[in-house]
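Subject: A structure for you to explore

Hello,

Here is the structure I promised to pass on to you. Have a look around it first, and then read on for what turned up.

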Amino acid sequence: MIYQRSSALFAAAQKVIPGGVNSPVRAFKAVGGDPIFVKEAKGAYLYDEDGNRLIDYINSWGPMILGHAHPPVVDAVVEKTKKGTSFGMPTEIETQIAELAVSMVPNIDKIRFVNSGTEACMSAVRLARGYTGKDKIIKFAGCYHGHSDSFLIQAGSGAVTFGSPNSPGVTKGTAQDTLLARYNDLDQVEEIIESNKNEIACIIIEPVAGNMGCIPPIKGFLQGLRALCDTHGILLIFDEVMTGFRLAKGGAQELLGVDADIVTFGKVIGGGLPVGAFAAREEIMNHLAPLGPVYQAGTLSGNPLAMAAGLAMLNELNNTPEIFKSLAEKTEYLHEGIEKALLHHNVTHTINRVGSMISVHFAKDEVVDFDTAANGNNDTFKKFFHGMLDHGIYIAPSAFETWFITDALTYEDLDETIAAVNTVSSTLF
Ligand SMILES: Cc1ncc(COP(=O)(O)O)c(C=O)c1O
């Protein structure tokens, strides 16, 4: 495929935007080459500036669960735009989406809308600290909760792709309050709690990890965290920025049957517009300003366009819950097809999948945490990525990312993808 115009646009962008991108994961640093500039997108397809059509497995890193430019979402935004784009005053639609979200997700009474997943996680941790009166937090190596200071300690996704899981600029003081554990290692969490008695405000976790590729929680792990939190007066925060409204109506809490104390959202909840949110039981949420002392605010929070997109998206998911089953079936079909192709060509791999999240790790052993994910063969991934791109299939330009399946993908698209995997696999060695 030809990417002449994309490369020219990237050259221009680099002069005025650091690295030419407004979020590092968009650069092709981990795989080499220039990023592709998108002109437009519809359904399961991206159309780039050179006129190439790509089957999209990133879907804006998760939000576009119903496909790009989904008519009810687009129409809702267009109609809302005509009535003014921001007021900094309450609007009825904020209550409508809040009521809907609270009705769909278990264990939450109130929800506060913000502008990104980062803001949601940052605010959730502040709320947990304010509520418990304790400072320290436990996070897991390879989990990504946005780019705020407390979380850039062994963060996954872009941070690890670019080799800086601990970012300069995070103070020692902040880093000291973030305690690090291995994903799926309950004993280690228990040890950390024991050696920091009465100091830990919360444990924050991706209930299904997506930022070191897809890694499911092993049996009993989340239940074990729940029990530890109950015993030690620690709040359990599920970062459902990826999994919320994707794995089920009620997200990972519903799918896996484990209750969190605070839940954070992003991606799907905004229908492709910049939205994040955090939610909890009333007694916790009432600690937030203006009711309580924990301060959190935002000029554009609850923005009418963002709320219109989010409400249209959640309404669709709420009214057609069979979508989650059909997404999981498509993902399973893809899994089986890719597995067969890779096995046929003797390519060492491990595929992890939960609902509509899937990733191919080029690792021989089971991938259960950051270290086992990092064992994957990055050279193989690079070849795989570029090979797939040559066949018009766009996956994330990093081995540490999940593929997101969208309802707009047809079985023909999946077959085209599997055929590409089959051809590309024969060139990997
Ligand atoms: C699990 C998780 N939490 C938080 C974030 C941060 O969200 P945002 O990029 O909207 O700030 C992300 C982003 O990928 C994420 O995957």
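Below is a short tour, going from the whole chain to a handful of residues.

Please keep in mind that this is a predicted model.

**The whole chain**

The protein chain contains 15 helices and 14 strands. Its radius of gyration is 21 Å, close to the 22 Å that the globule rule gives for 429 residues, so the chain is as compact as a globular protein of that length. If you draw a box around the C-alpha atoms along the principal axes, the box comes to roughly 55 × 55 × 45 Å.

How much of the chain is buried? Buried residues account for 55% of the 429 residues. The chain also brings together parts that are far apart in sequence: of the contacts between residues at least 6 apart, 72% join residues at least 24 apart. On the outside, about 17,600 Å² is exposed, and carbon and sulfur atoms supply 52% of that area. As for charge, there are 33 positive and 49 negative side chains, with the centres of the two sets 4 Å apart.

**Two strands that meet: Thr350 and His361**

Start with Thr350, which sits in strand S11 (residues 350–354). Is Thr350 buried or exposed? Its relative accessibility is 12%, and buried means under 20%, so Thr350 counts as buried. Setting aside neighbours within four places in sequence, Thr350 is in contact with Ser359, Val360, His361, Ala363, Lys364, Asp365, Glu366 and Val367. One of these, Ala363, has its backbone oxygen 2.9 Å from a polar atom of the Thr350 side chain. Phe362 is worth finding too: Thr350 and Phe362 are twelve residues apart in sequence, while their C-alpha atoms are 6.3 Å apart in space.

Now move to His361, a contact of Thr350 that belongs to strand S12 (residues 357–361). His361 is buried as well, at 4% relative accessibility. Which backbone oxygen does the side chain of His361 reach? The side chain of His361 reaches the backbone oxygen of Cys214, at 3.3 Å. Not counting residues up to four places away in sequence, the residues that His361 touches include Met212, Gly213, Thr348, His349, Asn352, Val367 and Ala373. Val367 also appears among the contacts of Thr350.

**The loop between S13 and S14**

Gly213 leads us to another place, since Ala399 touches it too. Ala399 is in the loop between strand S13 (393–394) and strand S14 (403–404). With a relative accessibility of 22%, Ala399 counts as partly exposed. Beyond its neighbours within four places in sequence, Ala399 is in contact with Gly213, Asn378 and Phe381. You could also look for Phe140, which is 259 residues from Ala399 in sequence and 18 Å from it in space, C-alpha to C-alpha.

Ser398 lies in the loop between S13 and S14. Ser398 is buried, with a relative accessible area of 6%. Its side chain reaches the backbone nitrogen of Phe400 at 3.0 Å.

**A residue in helix H12**

Glu329 is placed in helix H12 (residues 322–344), and it is partly exposed at 35% relative accessibility. Glu329 and Gly355 are 26 residues apart in sequence, and their C-alpha atoms are 8.1 Å apart in space.

**Some backbone details**

Most residues other than glycine have a negative phi, and most peptide bonds are trans. Here are some places in this model to compare with that.

- Asn184 has a positive phi of about 70 degrees, although it is not a glycine. You will find Asn184 in the loop between strand S6 (178–181) and helix H7 (186–195), and it is buried, with a relative accessible area of 11%.
- Lys267 has a positive phi too, near 50 degrees. Lys267 is in the loop between strand S9 (262–265) and strand S10 (276–280), and it is partly exposed, at 24%.
- Ala289 and Pro290 are joined by a cis peptide bond, with omega at about 10 degrees. Pro290 is in the loop between helix H10 (282–285) and helix H11 (304–319).

Enjoy exploring, and write back with any questions.

Best wishes

Notes:
Residues numbered from 1 in each chain as written. Predicted model: local features only at pLDDT ≥ 70, side-chain atom pairs only at ≥ 80, totals over all residues. Heavy atoms only, no water. Helix = DSSP H or I, 4+ residues; strand = E, 2+ residues; numbered from the N terminus. Rg over C-alpha atoms; globule rule 2.2 N^0.38 Å. Buried < 20%, exposed > 50% of the residue type's maximum accessible area, 1.4 Å probe, protein only. Contact = heavy atoms within 4.5 Å. Areas by Shrake-Rupley, 256 points an atom, 1.4 Å probe, with all protein chains shown as cover. Lys, Arg positive; Asp, Glu negative; His and termini not counted. Charge placed at Lys NZ, Arg CZ, Asp CG, Glu CD. Polar contact = N/O pair within 3.5 Å; in protein donor to acceptor, adjacent residues only side chain to side chain.
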